[in-house]
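Subject: Handover of a structure and its findings

Dear colleague,

Please find below the structure that I am handing over to you. The findings follow directly after it, grouped by topic.

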Amino acid sequence: MYLPPHDPHVDDPMRFKPLFRIHLMERKSATVECMYGHKGPHNGHIQIVKKDEFSTKCNQTDHHRMSGGRQEEFRTWLREEWGRTLEDIFHEHMQELILMKFIYTSQYDNCLTYRRIYLPPSSPDDLIKPGLFKGTYGSHGLEIVMLSFHGKKAKGTKITGDPNIPAGQQTVEIDLAHPLQLPDVENLRDFSELSRIVLEVQEQVRREEQEQENRREEEERSQQAACQPAAKPSGGEGAEGEETAAGAEGTTQDKAPASQPFVLPMGVISRNEDYPRTCRICFYGTGLIAGHGFTSPERTPGVFVLFDDDRFGFIWLELKSFSLYSRIKVSFQNAEAPSREAFDEMLKNIQSLAT
């Protein structure tokens, strides 16, 4: 398992932790060992679920228990997962979230399902190279997000989740058709000024979406009318409008190489104060927020801030919070790791032995 660095150090390298290992023996026999816990390797099981998916199960979960009970297990997990002790965490809400995460993750006892992640394709027109990023999420700590580009949109999809927004959800969406012109640094410190700029763009986006919807409805009515026997063919005016709209959508956003000063507005909370003080360009975007258990999810306005090729940020306007993201550069392999093809073949061998 690759764990993010300790909160809030997004630029630190990922942490590596073995979870299971496979021994292939002579005569087509194999053993699986669970590596979870602090008592050494013990008996485990692995099974193919479907393409690009397999599951592991520990057969000796007593090896995961500690002599000091759940309290010792929690303190050990807290030290390894967060790099701190319970006494270091003064915020009551953060203590609650951390305890919730411990209860949630420890109940599986390394009985887990693994799905292969396919990284998004890269295009020369992309703002930056897509890929995996570590990001700060307030009291939830660091989470992994996959950045991908889709024409006029960029999306950040959660690879790891939390009690509010689970993995697989689109945490941020960036509207590359609507860059934001930030005020100078002194005016940028005023949160109300930034809020005014963002809400104006939000209203503009809403009007454009409404106009597009009206055009689609009009085109549908025109097509229905054209199907009537007595209907005359529609004139060129609508075709011209459609071509103009398509031309507008086909234009690409020029990248802005020049940097500009950047500072967070007063009142915006950031887990990491060591964010860059210059940025390349900013865009209007939306961020997904929800209550515990992914209740009442809604998309709220925000600002996407591109710092450089490996770092970006997002200002959550409604939460008055800032997330800093840093690219994961690890190759996700070590000296003992098999290739993808060898690992797939290994799983098939184990599955055939089990059956």
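The lining of the second largest pocket is made up of 25 residues, and those nearest the pocket centre are Tyr 137, Gly 138, Ser 139, His 140 and Leu 319. Please bear in mind throughout that this is a predicted model. The volume of the second largest pocket is about 570 Å³. At least two lining residues of this pocket come from each of α2 (92–106), β13 (269–270), β15 (281–291) and β18 (321–327). Sorted by class, the lining holds eleven nonpolar, eleven polar and three charged residues.

Where does the second largest pocket lie with respect to domain 1 and domain 2? Residues of domain 1 (2–115) and of domain 2 (131–193 + 257–353) both take part in the lining, so the pocket lies between the two domains.

Cavities

The structure also holds two cavities of 30 Å³ or more. The largest cavity contains about 60 Å³ of space. Its lining consists of Trp 82, Leu 97, Ile 98, Lys 101, Ser 139, His 140, Glu 143, Gly 161, Asp 162 and Pro 163. Helix α2 gives the largest share of this lining, with three residues. By class, four of the lining residues are nonpolar, three are polar and three are charged. The largest cavity lies between domain 1 (2–115) and domain 2 (131–193 + 257–353), because both domains give residues to its lining. Ser 139 and His 140 appear in the lining of the largest cavity, and they are also among the residues nearest the centre of the second largest pocket.

The second largest cavity has a volume of about 40 Å³. The residues that line this cavity are Leu 19, Phe 20, Val 32, Glu 33, Cys 34, Gly 44, His 45, Thr 56, Lys 57, Cys 58 and Asn 110. Strands β4 (30–34), β5 (42–50) and β6 (53–58) each provide at least two of them. The classes here are five nonpolar, four polar and two charged residues.

Salt bridges

How many salt bridges does the structure have? The count comes to 23 salt bridges. One of them joins Lys 153 to Glu 173, with the closest N and O atoms 3.7 Å apart. Lys 153 belongs to strand β10 (residues 153–158) and Glu 173 to strand β11 (residues 170–180), so this pair ties together parts that are 20 residues apart in sequence. Lys 153 has a relative accessible area of 27% and is therefore partly exposed. Glu 173 is partly exposed as well, with a value of 21%.

Another salt bridge links Lys 51 and Asp 52, whose closest N and O atoms are 3.1 Å apart. Is Lys 51 buried or exposed? With 66% relative accessibility, Lys 51 counts as exposed, because the cut-off for exposed residues is over 50%. Asp 52, at 22% relative accessibility, counts as partly exposed.

Arg 311 forms a salt bridge with Asp 308, and the closest N and O atoms of this pair are 2.9 Å apart. Arg 311 is partly exposed, its relative accessible area being 24%. In addition, a network of salt bridges links Arg 65, Arg 70, Glu 73 and Asp 109.

Backbone details

Three places in the backbone deserve your attention. The peptide bond that leads from Asp 7 to Pro 8 is cis, with omega near 5°. Pro 8 is placed in the loop between β1 (2–3) and β2 (15–16).

Phe 294 is not a glycine, yet it has a positive phi of about 60°. This residue sits in the loop between β15 and β16 (295–308), and at 25% relative accessibility it counts as partly exposed. Lys 320, which is not a glycine either, has a positive phi of about 50°. The loop between β17 (311–316) and β18 is where Lys 320 is found. Lys 320 is partly exposed, with a relative accessible area of 37%.

The protein as a whole

The secondary structure comes to six helices and 18 strands. Of the 355 residues in the protein, 37% are buried. Among contacts with a separation of 6 or more, 54% are made by residues 24 or more positions apart.

Yours sincerely,
A colleague

How values were computed: Residues numbered from 1 in each chain as written. Predicted model: local features only at pLDDT ≥ 70, side-chain atom pairs only at ≥ 80, totals over all residues. Heavy atoms only, no water. 1 Å grid on protein atoms, 1.4 Å probe; cavity = no way out; pocket = protein on both sides within 12 Å on 5 of 7 lines; lining within 4 Å. Points joined across faces, edges and corners; volume = space filled by probe spheres on them. Helix = DSSP H or I, 4+ residues; strand = E, 2+ residues; numbered from the N terminus. Nonpolar A, V, L, I, M, F, W, Y, C, P; charged D, E, K, R; others polar. Domains from an automatic or database assignment. Salt bridge = Lys/Arg side-chain N within 4 Å of Asp/Glu carboxyl O. Buried < 20%, exposed > 50% of the residue type's maximum accessible area, 1.4 Å probe, protein only. Contact = heavy atoms within 4.5 Å.
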